[in-house]
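The following exercises concern helix packing, chain contact and domain arrangement. Please examine the model before reading each solution.

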Amino acid sequence: MAAVTSPNQRLKISLKYLLLILVAVIFVFPIVFMVVSSFKPDLQLLRDTSSFNAFLPIGDISLDNYFAAFRRAPVGLFVFNSILVTSLTVVGSLFLCSMAAFAFVFLEFRGKEIVLSIIIATLIVPFETIAVPMLMVVNSLPWIGGNGVTWGWLNTYHVQIVPFLADALTVFLFVQFFRDLPKELVEAARLDGASWFQVYSMVIVPIAGPVFATAAILKFLAMYNQYLWPLMVTQSEQFRPVMVGLQYFFQLNTAWGEVMAYLSMITLPVLAFYIFLQRAFITSIASTGIKG
Amino acid sequence: MKSLKLLAATLAFSTALGGAAFAQTNLTMWYHGAGSTVERDLINGIITDFNGSQTDWKVSLQEFPQAAYNDSVVAAAVAGNLPDIIDVDGPVMPNWAWAGYMQPLQLSEGALDGFLPGAIGKYNDQVYSVGLWDAAVAMYARKSTLEKFNIRIPTLEQPWTGEEFNGILETLKSSGEFDYPLNLGMADQGEWYPYAFAPFLWSFGGDLVDRTSYETAEGALNGDAAVAFGEWWQSLFTNNYVPGTSQDMASHETGFIDGDYALQWNGNWVAVKTLEALGDDVLFLPAPDFGNGPKIGGASWQFGVSATSAHPDGASAFIEFALQPKYLAAFSDGIGLIPATAEAAALTKNYAPGGALESFYALSEKQAMLRPVTPGYVFEALEFRKALSDIANGADVVDALDAATDAINADIARNNNYAAAQ
């Protein structure tokens with residue numbers, strides 16, 4: 001770190017930190033509000049919203065909302081479902097999309113630029129426009145599982161996973177990162193007799209930590225926040241994820257305290273995942289010395 | 001020998017019992033109340049009773065959260081896997097019947113005798129759905145406030161006139177004691193708008209669509225009566241009688257109880273909570289009469305049979321079983337809504353004669369009017385909601401109503417007047 005040499009520099013740094021603290025506070029306040037509100041009864045929660053009390057754990061504080069949330073909905077099941085679906089999708093997506101990007105960047109085959117363009121062009125297609133056709137497709141697909149061959153994927157975990165194993169954004173992220181890597185690394189490995197899969201797995205993957213972390217975070221958030229698709233394909237409560245579960249709390253009279261308790265609970269896995277990957281991200285950059 | 005005979009008889013009896021149980025045909029049912037433990041217990045109680053009362057049918061329940069329910073049903077209809085029994089919000093039923101998601105009920109003669117009109121879902125002269133309850137909206141007021149400002153307490157027979165109501169709002173505003181004289185619930189921007197505010201339009205003499213044909217909104221939504229309604233509606237905001245469309249939910253939910261609003265236009269589902277807070281000072285008053293009688297919206301959630309059900313007789317049998325007064329009363333006691341018959345109301349704690357919410361039953365019986373019974377209602381409701389928001393925010397009344405009328409007419413034309421089932 002450069003030494004602070006003049007009052008002018010100190011002032012600049014102080015202002016910079018002040019600005020950063022302000023931005024941090026703005027981003028943290030909604031989370032503080034959510035957690036603090038989860039301990040308050042509904043009437044107090046609503047009344048406090050008009051004052052700074054909304055951010056303070058004062059008044060009638062208890063865990064009642066948490067107990068009530070568990071009575072109202074199978075919270076544990078919803079969190080388990082979301083973590084299962086999200087984890088499997090993220091892992092599968094990182095593998096498939098990075099391999100696809102590897103092929104687009106390092107392999108030579110006819111029409112690859114056109115295929116890549118088509119894949120990236122799908123970024124502008126809103127999911128809502130293809131949701132119904134997708135529903136009809138998955139409803140008529142076969143699946144081989146414990147019960148042999150079954151038709152139709154509704155009310156399963158795989159209907160929430162398979163359609164999202166590959167997506168244009170993740171492929172694009174990997175392509176952009178791989179294009180900036182020195183080509184000599186791949187050429188040297190090939191000269192040493194490495195197969196393409198060995199080049200991918202032993203040369204490229206170890207130095208692609210930053211993009212894997214970034215893609216994992218983005219994919220995790222997208223999958224964990226899925227609402228429309230699971231709503232359409234999970235008619236059985238057994239397979240519903242957290243975001244569909246959130247709707248359990250909006251009845252004729254919304255239980256706002258329980259909503260906040262539920263949101264606090266389902267936010268924990270997201271925070272844990274982010275913190276975990278944030279460390280991996282920094283470690284990855286520090287160990288490779290390669291900028292993405 | 002005697003033991004052998006006894007054993008044989010026991011085996012034969014148990015086999016017969018097992019066979020009978022085994023012979024029950026499964027019926028699937030979807031319900032919108034996931035997250036409401038009270039509703040879950042009630043509906044499961046009815047199902048248990050029904051399954052044990054006969055040997056032909058066995059109903060199993062799948063619950064959905066209310067906010068996600070309609071989308072789930074539509075998705076299931078697309079995928080072709082609707083259950084046998086569904087529940088449907090009353091004004092949406094014609095759309096689902098027209099779209100081929102539902103079929104008429106097979107109820108016994110007289111099964112719906114004595115039911116509130118709002119609890120019966122009729123489309124094309126056939127009953128497609130029936131509700132165990134109805135909902136009603138009332139003008140919430142504090143008796144002490146009305147007395148303090150010498151405001152007449154209206155009755156069903158003599159509701160406030162439009163002019164009288166406007167004067168009351170001005171009196172309350174001039175007092176300076178309240179943030180606003182009236183809370184309309186502008187923060188709740190879903191079906192609340194057409195459900196709660198269309199009755200004002202009806203009372204002025206307008207409507208969302210011409211009900212003689214259901215083929216145009218011309219004249220109904222942009223005629224003189226509708227324009228008069230629109231101007232009155234806008235005056236509520238320009239005179240600061242009510243908070244605008246940016247009203248926050250917290251203010252809507254606690255403002256009346258906290259004394260920020262003198263009056264509140266709200267449904268009976270918050271009546272118990274309000275009574276608990278204000279005691280017998282709270283009054284549930286009829287809607288004002290703007291010239292064509294006081295009106296409130298009718299029809300809440302109802303049970304129906306899906307078009308793809310292979311066992312509509314069994315599904316209808318379950319629904320008819322659920323219409324017993326004891327179940328209507330149990331639902332009312334559980335979730336606070338109005339039981340669909342007077343017989344059931346008498347069994348409840350709130351709606352029985354002398355009960356704290358008795359007035360809501362009378363409101364539903366005397367003032368309730370169904371939202372337009374047409375498949376196009378779903379679209380009309382969206383346009384009406386948009387027009388009301390625009391007018392509240394200062395849009396030209398005639399332009400806003402004309403735009404809504406044109407959009408509704410275009411939708412009706414686009415769907416071939418909603419004439420034929422799809």
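**Exercise 1. A helix pair within one chain**

Explain why helix 7 of chain B and helix 8 of chain B are oblique to each other, that is, at an angle outside the classes roughly parallel (under 35 degrees), roughly antiparallel (over 145) and roughly perpendicular (65 to 115).

*Solution.* The model is predicted: local features require pLDDT of at least 70 and side-chain atom pairs 80 or more, whereas totals for chains, interfaces and linings use all residues. Residues are numbered from 1 along each chain as its sequence is written, with chains lettered from A and ligands numbered from 1 in the order in which they are written.

Step 1. Helix 7 covers residues 192-204 of chain B and helix 8 covers residues 224-238 of chain B; helices (H or I, at least four residues) and strands (E, at least two) are DSSP runs numbered from the N terminus.

Step 2. The two helices pack at an angle of about 130°, with their axes 8 Å apart. Axes are lines fitted to C-alpha atoms, for helices over the stretch in contact, and angles run from 0 to 180 degrees between N-to-C directions. The pair is therefore oblique.

Step 3. Helix 7 of chain B contributes Phe200(B), Leu201(B) and Phe204(B) to the contact (C-beta atoms, placed from the backbone, within 7 Å). Helix 8 of chain B contributes Ala225(B), Ala226(B), Ala228(B) and Phe229(B).

Step 4. By class, this contact has seven nonpolar, no polar and no charged residues. Ala, Val, Leu, Ile, Met, Phe, Trp, Tyr, Cys and Pro count as nonpolar, Asp, Glu, Lys and Arg as charged, and the others, Gly among them, as polar.

**Exercise 2. The contact between the chains**

Which element of chain B gives the most residues to the side that touches chain A?

*Solution.* Step 1. In total, 23 residues of chain B are in contact with 26 residues of chain A.

Step 2. On the chain B side, two or more residues come from each of strand 2 (57-63), helix 3 (66-79) and helix 9 (249-258) of chain B. Helix 3 of chain B gives the most, with nine residues.

Step 3. That side of chain B comprises eleven nonpolar, eight polar and four charged residues.

Step 4. Helix 3 of chain B also crosses helix 6 (residues 127-138) of chain A at roughly 50°, their axes coming within 9 Å. That angle makes helix 6 of chain A oblique to helix 3 of chain B. Val132(A), Leu135(A) and Met136(A) meet Ala75(B), Val78(B) and Ala79(B) here; the residues of this contact divide into six nonpolar, no polar and no charged.

**Exercise 3. Domains**

Describe how the domains of chain A and of chain B touch.

*Solution.* Step 1. Chain A is divided into domain 1 (11-62) and domain 2 (75-288), with bounds from an automatic or database domain assignment. Their C-alpha centres lie 32 Å apart.

Step 2. Nine residues of domain 1 of chain A are in contact with seven of domain 2 of chain A. On the domain 1 side, helix 1 (7-37) and helix 2 (42-48) of chain A each supply at least two residues. Five residues of that side are nonpolar, two polar and two charged.

Step 3. Chain B has domain 1 (26-134 + 300-370) and domain 2 (137-295 + 372-418), and 27 Å separate their C-alpha centres.

Step 4. In chain B, 20 residues of domain 1 are in contact with 20 residues of domain 2. Helix 14 of chain B provides the largest share of the domain 1 side, six residues. That side has 14 nonpolar, four polar and two charged residues.

Technical notes
Two residues are in contact if their C-beta atoms, placed from the backbone, lie within 7 Å.
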